[in-house]
Structures are given as C-alpha cells and as structure tokens.
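Ready for a short walk through a model? Keep your viewer open and your selection tool at hand, and we will go from the whole chain down to single side chains.

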Amino acid sequence: MFSRPLQSLLDDAVELVLSEPIFVGFVVFILLFVFFGYLFVRRTVMGMREGFDEGYRGK
C-alpha cells in the first residue's frame, strides 16, 4: 500500500543527488559544520564546568 509513494520519494531523492552534486555537497558541508560546531561548543562548556567544579572544591 505504501510502497509506491515511498519508491517515488526515493527516486526523486536519487534524481536530486545525481542532478545537483554541488548543491548536495554544500548541504553535506553545512551539516558537518553544524555538527562539529556543536561538538566544539559542548566540549568547551563541559571543560568550563569542570574547571568551575574543581575551583569550587578547592583543588
């Protein structure tokens, strides 16, 4: 019942990737940039929190 719309959606996605590789590459680059930016900010905030905790405990 649902196989036809799903197959059509997948066909459209494959067609987009094959017809617009620069656009797809740009989208992948943006997603990777956001992901690594999140990891960088998370690491910075966690390190800052750890420093505050050590300072509070008097180490």
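Start with the cartoon view of the whole protein chain: there are 2 helices and 0 strands to find. Please keep in mind along the way that this is a predicted model.

**The whole chain**

Zoom out and turn the view along the principal axes. The C-alpha atoms fill a box of roughly 65 × 30 × 10 Å. How does the radius of gyration set this chain against a compact globule of 59 residues? Such a globule would be near 10 Å, but the protein chain has 22 Å.

Now switch on the surface. About 5,900 Å² of the protein chain is accessible, and carbon and sulfur atoms account for 71% of that. If you colour the residues by burial, 0% of the 59 residues count as buried.

**Along helix α2**

Next, select residues 21-57, which make up helix α2. Put a distance label between its end C-alpha atoms and you should read 54 Å. That agrees with expectation, because 37 residues at 1.5 Å a residue should span 54 Å. Then step just past the end of α2 to Gly-58, where phi is positive, at about 85°.

Back inside α2, pick Val-24. Is its side chain buried or partly exposed? With a relative accessibility of 23%, Val-24 counts as partly exposed, since buried would require under 20%. For a sense of scale, draw a line from the C-alpha of Val-24 to that of Leu-10: the two residues are 14 apart in sequence and 15 Å apart in space.

**The nonpolar patch**

Select Val-28, Leu-32, Phe-35, Phe-36, Tyr-38 and Leu-39 together and show their surface. These residues make a nonpolar surface patch of about 590 Å². It helps to recall that an α-helix has 3.6 residues a turn, so residues three or four places apart point the same way.

Take Leu-32 from this group: it sits in helix α2 and is partly exposed, at 43% relative accessibility. Phe-35 is also partly exposed, with a relative accessible area of 43%. Phe-36, at 51%, counts as exposed, because the cut-off for that class is over 50%.

**The aromatic pair**

Stay with the rings. How many aromatic pairs are there? The count comes to 1, and Phe-35 and Phe-36 form it. Their ring centres lie 5.4 Å apart with 65° between the planes, an edge-to-face arrangement.

**Last stop**

Finally, move along α2 to Glu-54, which belongs to this helix. Glu-54 is partly exposed, with a relative accessible area of 33%. Draw one more C-alpha line, from Glu-54 back to Phe-36: these residues are 18 apart in sequence and 27 Å apart in space.

Key
Residues numbered from 1 in each chain as written. Predicted model: local features only at pLDDT ≥ 70, side-chain atom pairs only at ≥ 80, totals over all residues. Heavy atoms only, no water. Patch = residues over 30% accessible without salt bridge, like charges linked within 9 Å, V, L, I, M, F, W, Y side chains within 5 Å. Areas by Shrake-Rupley, 256 points an atom, 1.4 Å probe, with all protein chains shown as cover. Salt bridge = Lys/Arg side-chain N within 4 Å of Asp/Glu carboxyl O. Helix = DSSP H or I, 4+ residues; strand = E, 2+ residues; numbered from the N terminus. Buried < 20%, exposed > 50% of the residue type's maximum accessible area, 1.4 Å probe, protein only. Phe/Tyr/Trp six-rings, centres within 6.5 Å; stacked < 30°, edge-to-face > 60°. Rg over C-alpha atoms; globule rule 2.2 N^0.38 Å. Expected span 1.5 Å × (residues − 1).
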